[in-house]
Amino acid sequence: GHPGIGQTLKRRVFLPDQKGVLRIVSELAYNDAPWLPEDPSIPYYVHPDIPRNRAVNVFGVETVRSKLVDQTAGDFCDIGEDFGQGEELTDRIHGILESYSTGIDIFKELLQNADDAGATEVKFIYDARQHSAVRIFDR
């Protein structure tokens with residue numbers, strides 16, 4: 001394996017973009033989601049002849065998917081206020097889910113809460129991963 005470059009070298013290492021123009025690594029993204037339309041916030045993509053492993057693991061180029069996840073997560077960072085949690089979060093979520101008879105009731109409640117709060121937009125993230133039915137948390 002190749003050791004990755006340090007943060008200080010990242011500012012001085014150049015790789016070719018999709019048009020063959022040398023760009024500093026921090027300006028580039030590796031297009032690991034070619035089926036998505038190009039994102040205007042990502043001006044330059046690593047040249048397609050550079051393997052993903054080398055671009056990401058050796059030179060530290062961020063992937064398109066990781067940039068999109070960061071952007072989406074950023075949309076949710078300023079939601080709500082800090083408060084003291086009185087019970088374990090997993091126990092609280094379990095209790096809430098148990099109180100609804102069907103899965104659709106949860107979405108109806110969330111939409112009603114958003115409407116009551118005057119929201120003009122609601123975002124849901126669907127996670128298609130499947131986990132063990134036994135236990136996924138420590139408790």
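With a relative accessible area of 2%, Asp-17 is buried, and this residue makes a convenient point of entry into what is a predicted model. Asp-17 sits in the loop that runs between strand S1 (14-16) and strand S2 (22-24). Its carboxylate does not stand alone there, for the side chains of Asp-17 and Arg-23 meet in a salt bridge, at 3.0 Å from N to O. Arg-23 is buried as well as Asp-17. When the neighbours within four places in sequence are left aside, the residues in contact with Asp-17 are Arg-23, Leu-28, Tyr-44, Tyr-45, Val-46 and His-47.

From this starting point one can step back to the chain as a whole. The protein chain has five helices and five strands, and their succession along the sequence follows the pattern α-β-β-β-β-α-β-α-α-α. Of its 139 residues, 19% count as buried, a class that is assigned to residues under 20% relative accessible area. The chain exposes about 11200 Å², of which carbon and sulfur atoms supply 53%. Among the contacts between residues at least 6 apart in sequence, 53% join residues that are at least 24 apart.

The strands can be taken next. An open sheet of three strands is arranged in the order S4-S3-S5, with parallel pairing. Strand S4 (44-45) and strand S5 (62-63) stand at the edges and have a single partner strand each, so that one side of each is left without a neighbour in the sheet. Between strand S3 (residues 28-30) and S5, the parallel pairing extends over two bridges, and Tyr-30 stands opposite Thr-63 in S5.

Several residues of this region return in the nonpolar interior. The largest nonpolar core has twelve residues in all, namely Val-13, Leu-15, Val-25, Leu-28, Tyr-30, Val-46, Ile-50, Ala-55, Val-56, Val-58, Phe-59 and Val-61. Strand S3 and helix H2 (52-58) each supply at least two residues of this core, and the largest share, three residues, comes from H2. Apart from this core lies another, of five residues, among them Ala-29, Ala-33, Ile-42 and Tyr-45. Leu-15, a member of the twelve-residue core, is in contact with Val-21, Leu-22, Arg-23, Val-25, Leu-28, Ile-50, Phe-59 and Val-61, once its neighbours within four places in sequence are left aside. Arg-23 is thus named both among the contacts of Leu-15 and as the salt-bridge partner of Asp-17.

The charged pairs deserve a closer reading. The count of salt bridges comes to five, where the pairing requires a side-chain nitrogen of Lys or Arg within 4 Å of a carboxyl oxygen of Asp or Glu. One of them joins Arg-65 to Asp-32, with the closest N and O atoms 3.2 Å apart. This pair links distant parts of the chain, since Arg-65 belongs to helix H3 (residues 64-76) and Asp-32 to the loop between S3 and S4, 33 residues apart. The two partners also differ in their exposure to the surroundings: Arg-65 is partly exposed, with a relative accessible area of 44%, whereas Asp-32 is buried, with a relative accessible area of 10%. Another salt bridge is formed by the side chains of Glu-121 and Lys-123, at 3.9 Å from N to O. Glu-121 is exposed, with a relative accessible area of 56%, while Lys-123, at 38% relative accessibility, counts as partly exposed.

Helix H3 also contains Lys-67. Lys-67 and Ser-41 are 26 residues apart in sequence and 9.4 Å apart in space, taken from C-alpha to C-alpha. Beyond its neighbours within four places in sequence, Lys-67 is in contact with Leu-28, Ala-29, Ile-42 and Glu-62. Those contacts include Leu-28 from the twelve-residue core, and they include Ala-29 and Ile-42 from the core of five residues.

The path ends at the surface. There, Ile-104, Phe-107, Leu-110, Leu-111, Val-122 and Phe-124 make a nonpolar patch of about 540 Å². Leu-110 lies in helix H5 (residues 103-116) and is partly exposed, with a relative accessible area of 39%. This value satisfies the requirement that residues of a patch have over 30% relative accessible area.

Conventions. Residues are numbered from 1 along each chain as its sequence is written. This is a predicted model: local features need pLDDT of at least 70, side-chain atom pairs count only at pLDDT 80 or more; totals for chains, interfaces and linings use all residues. Side-chain values use heavy atoms; hydrogens and water are left out. Patches are made of residues with over 30% relative accessible area and no salt bridge: like charges are joined within 9 Å, nonpolar side chains (Val, Leu, Ile, Met, Phe, Trp, Tyr) within 5 Å. Accessible areas come from the Shrake-Rupley method with a 1.4 Å probe; for residues, only the protein chains shown count as cover. Helices (H or I, at least four residues) and strands (E, at least two) are DSSP runs, numbered from the N terminus. Buried means under 20% relative accessible area, exposed over 50%, partly exposed in between (1.4 Å probe, protein chains only). Contact means heavy atoms within 4.5 Å. Two strands pair if DSSP finds at least two bridges between them. A nonpolar core is a set of buried Ala, Val, Leu, Ile, Met, Phe, Trp, Tyr and Cys residues joined through side-chain atoms within 4.5 Å.
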